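Open the model in your viewer and keep the sequence panel visible. This tour tells you what to select at each stop and what is there.

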Amino acid sequence: MPEPETTVRRAVESDDTVLLEIDRTSWDASSGFPSYQETVRESFFERCGPEAHLVAEYDGQVVGYLRLQDKYTFPEGAGVLAVNGLAVAQSARSRGVASALLEAAAAEGRLRGARKITLHVHSTNAIARRLYERHGYLVEGTHPKEFLIDGTFIDALDMAKML
Ligand SMILES: CC(C)(COP(=O)(O)OP(=O)(O)OC[C@H]1O[C@@H](n2cnc3c(N)ncnc32)[C@H](O)[C@@H]1OP(=O)(O)O)[C@@H](O)C(=O)NCCC(=O)NCCS
């Protein structure tokens, strides 16, 4: 049997339910904010719509998303994009799904004429940091003791990749 394929496409409204479930179950204290996870949300797209999201399908099922937005709203910052969320369902991890999403984000950035993609990651999120480094993201800055999560201060890292 051939390996199932990972494909990436733009999100559509009907992805809402499955993305909400992925968002509810993907994050933990090393990667996200427990207070946000406790918030009851009705809709995945309530903060920003499908147009800001790439979704990955593995073997025909939606298994992950990447939120890609302009970092700044003013013209001097045009050309800098931000990954403002990346998550893959637990059951679909370690199969290259996040890698496919990051490659698609870089391709979209180049198409849009962007020069740079930035993101924030908790210092405690070793899996994500390794993933970003493999994709050419470098640490641009560290914010020591930025968050208090489960009783421990953690650093926040700014990472970026030039396109
Ligand atoms: C971080 C996260 C998005 C990674 O998703 P993923 O789809 O598992 O990532 P990938 O499969 O592309 O890469 C992860 C690992 O799988 C390995 N991998 C990739 N394709 C593979 C394959 N076909 N077979 C086996 N392993 C594979 C990668 O080499 C990598 O391993 P390494 O880090 O030891 O080098 C996911 O763990 C997640 O959703 N975490 C919670 C949310 C989060 O932390 N988001 C980022 C916040 S900044």
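Buried means under 20% relative accessible area, exposed means over 50%, and partly exposed lies in between, with a 1.4 Å probe and protein chains only. This is a predicted model: local features need pLDDT of at least 70, side-chain atom pairs count only at pLDDT 80 or more, and totals for chains, interfaces and linings use all residues. Residues are numbered from 1 along each chain as its sequence is written, and side-chain values use heavy atoms, with hydrogens and water left out.

**Stop 1: a buried loop residue**

Select Tyr137. It is found in the loop between H4 and S6. Helices (H or I, at least four residues) and strands (E, at least two) are DSSP runs, numbered from the N terminus. Is Tyr137 buried or exposed? At 1% relative accessibility, Tyr137 counts as buried. Now add Ala89. Tyr137 and Ala89 are 48 residues apart along the chain, and their C-alpha atoms are separated by 23 Å.

**Stop 2: strand S2**

Select residues 53–58, which make up strand S2. Six of the six residues are buried, so S2 is largely enclosed by the rest of the structure. In a regular strand, side chains alternate between the two faces of the sheet. Check both faces of S2. On one side, His53, Val55 and Glu57 are buried. On the other side, Leu54, Ala56 and Tyr58 are buried.

**Stop 3: the partners of S2**

Two strands pair if DSSP finds at least two bridges between them. Add strand S1, residues 6–10. S1 and S2 pair in the antiparallel sense over five bridges. Pick out Thr6: its bridge partner in S2 is Tyr58.

Next, add strand S3, residues 61–70. How many bridges join S2 to S3? There are six, and the two strands run antiparallel. Tyr58 appears again here, with Gln61 as its bridge partner in S3.

**Stop 4: the hairpin turn**

Stay with S2 and S3. They form a hairpin with two residues between them. Select Asp59, which lies in the loop between S2 and S3. Asp59 has a positive phi of about 55° although it is not a glycine. Asp59 is exposed, with a relative accessible area of 53%.

Now jump to Asp150. It is found in the loop between strand S6 (138–149) and strand S7 (152–162). Its phi is near 50°, a positive value in a residue other than glycine. Asp150 is exposed, with a relative accessible area of 62%.

**Stop 5: strand S4**

Go back to S3 and add S4. Six bridges join S3 to S4, which run antiparallel. Find Gln69, which stands opposite Ala82 in S4. S4 is mostly covered: eight of its nine residues are buried.

Add S5 too. In which sense do S4 and S5 pair, parallel or antiparallel? They pair in the parallel sense, over four bridges. Select Val80 to see one of the pairs: its bridge partner in S5 is Lys116.

**Stop 6: the ligand**

Show the ligand and its surroundings. A residue is near a molecule if one of its heavy atoms lies within 4 Å of it. The ligand is surrounded by 21 residues, and the closest are Leu86, Gly96, Ser99, Asn125 and Arg134.

Look at the polar contacts, which are pairs of N or O atoms within 3.5 Å. A backbone N or O atom of Leu86 lies 2.7 Å from a nitrogen atom of the ligand. A polar backbone atom of Arg95 is 3.2 Å from a ligand oxygen atom. Arg134 uses its side chain: a polar atom there lies 2.6 Å from an oxygen atom of the ligand.

Four elements each give two or more residues to the shell around the ligand: strand S4 (80–88), helix H3 (97–111), strand S5 (116–122) and helix H4 (126–134). Which element gives the most? H4 does, with five residues.

**Last stop: helix H1**

Select Thr17, found in helix H1 (residues 16–26). At 64% relative accessibility, Thr17 counts as exposed. Add Arg67 and compare positions. Thr17 and Arg67 are 50 residues apart in sequence and 16 Å apart in space, C-alpha to C-alpha.

Notes. A polar contact is a pair of N or O atoms within 3.5 Å; within protein, one must be able to donate a hydrogen and the other to accept it, and residues adjacent in sequence count only if both atoms are side-chain atoms.
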